[in-house]
Each structure stands twice: as structure tokens, then as C-alpha cells.
Amino acid sequence: MSPEPTAAKGSAPNPAPGSPAQAGSPERGAASIRYVDRADMVETFADSVTGLILDGQTLRIEFGVTRFDDVKPNSPITGRRYPACRLVLPPVAAVDLINRMQQIAAALTQAGVVKAAQRPTAPPPQAG
């Protein structure tokens, strides 16, 4: 068994949106949930998103990893993409992920790492 996880530095109570305690009786109040880090948790590397499906009940994201075959002279580079991880989120967590990714995108845009996409404009009418 793993050792008991310790609380992360700076962790603060974080009420879980839509949790049963939140929806309960008024005298009960919102749940107070503290983040506890697990230093022994395995990380998964992925270099691509190979699938994204929203079926109305869950958001399913499949991440992939690319493995290249041995390079041979005078032949094209080949490789294979394998699934590395499948993440399934309920709607509340999917919305939280979307909001956080928008915050990261805004920060990267502000830092100049990425440029904001320009929306295409209609071409001017041509004189005929």
C-alpha cells in the first residue's frame, strides 16, 4: 500500500460544485473539500489528442503517443500512434476543464506564446 498522502502546500477548502452536500438541506451547507496531493501517482505522457467525444452525459478524451520506426536510408519515416490514456469526465468536470483551458489560452496569448485566431471576414463584393 502507498503511504498516507500529505496535503499540498497552499491547499484550501474547495467546495465541490453540484455535490450532494451542496444540494442538501439549507442547515447543512456546502461541502468543504481539501485537495490532498499524491506524490506517488503515475503520470502519463501524450503527444496528441486522438479522440474527443461528447455524448451528452460524458466528455471522453483519448490521448495518444507516437512511436517512430527505425529510420532507414532512402525510405520514408514511418511510425505508429498508440492510445496512452482515456479520460472520461462528467459534464461539470468537462465545463471546468473548458474554463481552465480558456484561462490558459488567454495567458499564453497575453504572454505572446500564441496569437489569437483571426475570424475570417467576408470577401468584398467583386465588380462585374
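R60 is a convenient place to enter this predicted model: with a relative accessibility of 41%, R60 counts as partly exposed. The side chain of R60 takes part in a salt bridge with D55, and the closest N and O atoms of this pair lie 4.0 Å apart. D55 is likewise partly exposed, its relative accessible area being 46%.

Stepping back to the whole molecule, the protein chain contains 2 helices and 3 strands. Followed along the sequence, these elements appear in the order α-β-β-β-α. Of the 128 residues in the protein chain, 9% are buried. The chain exposes about 11400 Å² in total, and carbon and sulfur atoms account for 58% of that area. When contacts between residues at least 6 apart in sequence are considered, 35% of them join residues at least 24 apart.

Confidence deserves a word before the details. The average pLDDT of the protein chain is 82, and 77% of the residues reach a score of at least 70. Residues 1-23 are a stretch to read with care, since their pLDDT stays under 50. For this same stretch, the model has 31 contacts beyond four places in sequence.

Salt bridges come next, and the count for the model is 5. Besides the pair of D55 and R60, one of them joins R38 to D40, with 3.6 Å between the closest N and O atoms. Both partners are partly exposed: R38 has a relative accessible area of 44%, and D40 has one of 40%.

A further salt bridge brings together the side chains of E62 and R86, at a distance of 2.6 Å from N to O. This pair links distant parts of the chain, because E62 belongs to strand β2 while R86 belongs to strand β3 (residues 79-89), with their positions 24 residues apart in sequence. The two ends of the bridge fall into separate accessibility classes. E62, at 22% relative accessibility, counts as partly exposed, a value that sits above the 20% under which a residue would be called buried. R86, with a relative accessible area of 61%, is exposed.

Strand β2, which spans residues 59-68, also holds T66. Is T66 buried or exposed? Its relative accessible area is 18%, so T66 is classed as buried, the limit for that class being under 20%. The side chain of T66 makes a polar contact of 3.0 Å with the side chain of R81. Once the neighbours within four places in sequence are set aside, T66 touches D47, R80 and R81. R81 therefore appears twice in the surroundings of T66, as a polar partner and as a member of the contact list.

The surface offers a feature of another kind. M101, I104, L108, V113 and V114 together form a nonpolar patch, with a combined accessible area of about 430 Å². Within this group, L108 is located in helix α2, which covers residues 91-110. L108 has a relative accessible area of 34% and is therefore partly exposed. That value also explains why L108 can belong to the patch, because membership requires over 30% relative accessible area.

Taken together, the details follow a path from the salt bridges, among them E62 with R86, through buried T66 in strand β2, to the nonpolar surface patch that includes L108.

Conventions:
Residues numbered from 1 in each chain as written. Predicted model: local features only at pLDDT ≥ 70, side-chain atom pairs only at ≥ 80, totals over all residues. Heavy atoms only, no water. Patch = residues over 30% accessible without salt bridge, like charges linked within 9 Å, V, L, I, M, F, W, Y side chains within 5 Å. Areas by Shrake-Rupley, 256 points an atom, 1.4 Å probe, with all protein chains shown as cover. Helix = DSSP H or I, 4+ residues; strand = E, 2+ residues; numbered from the N terminus. Buried < 20%, exposed > 50% of the residue type's maximum accessible area, 1.4 Å probe, protein only. Polar contact = N/O pair within 3.5 Å; in protein donor to acceptor, adjacent residues only side chain to side chain. Contact = heavy atoms within 4.5 Å. pLDDT = per-residue confidence, 0-100.
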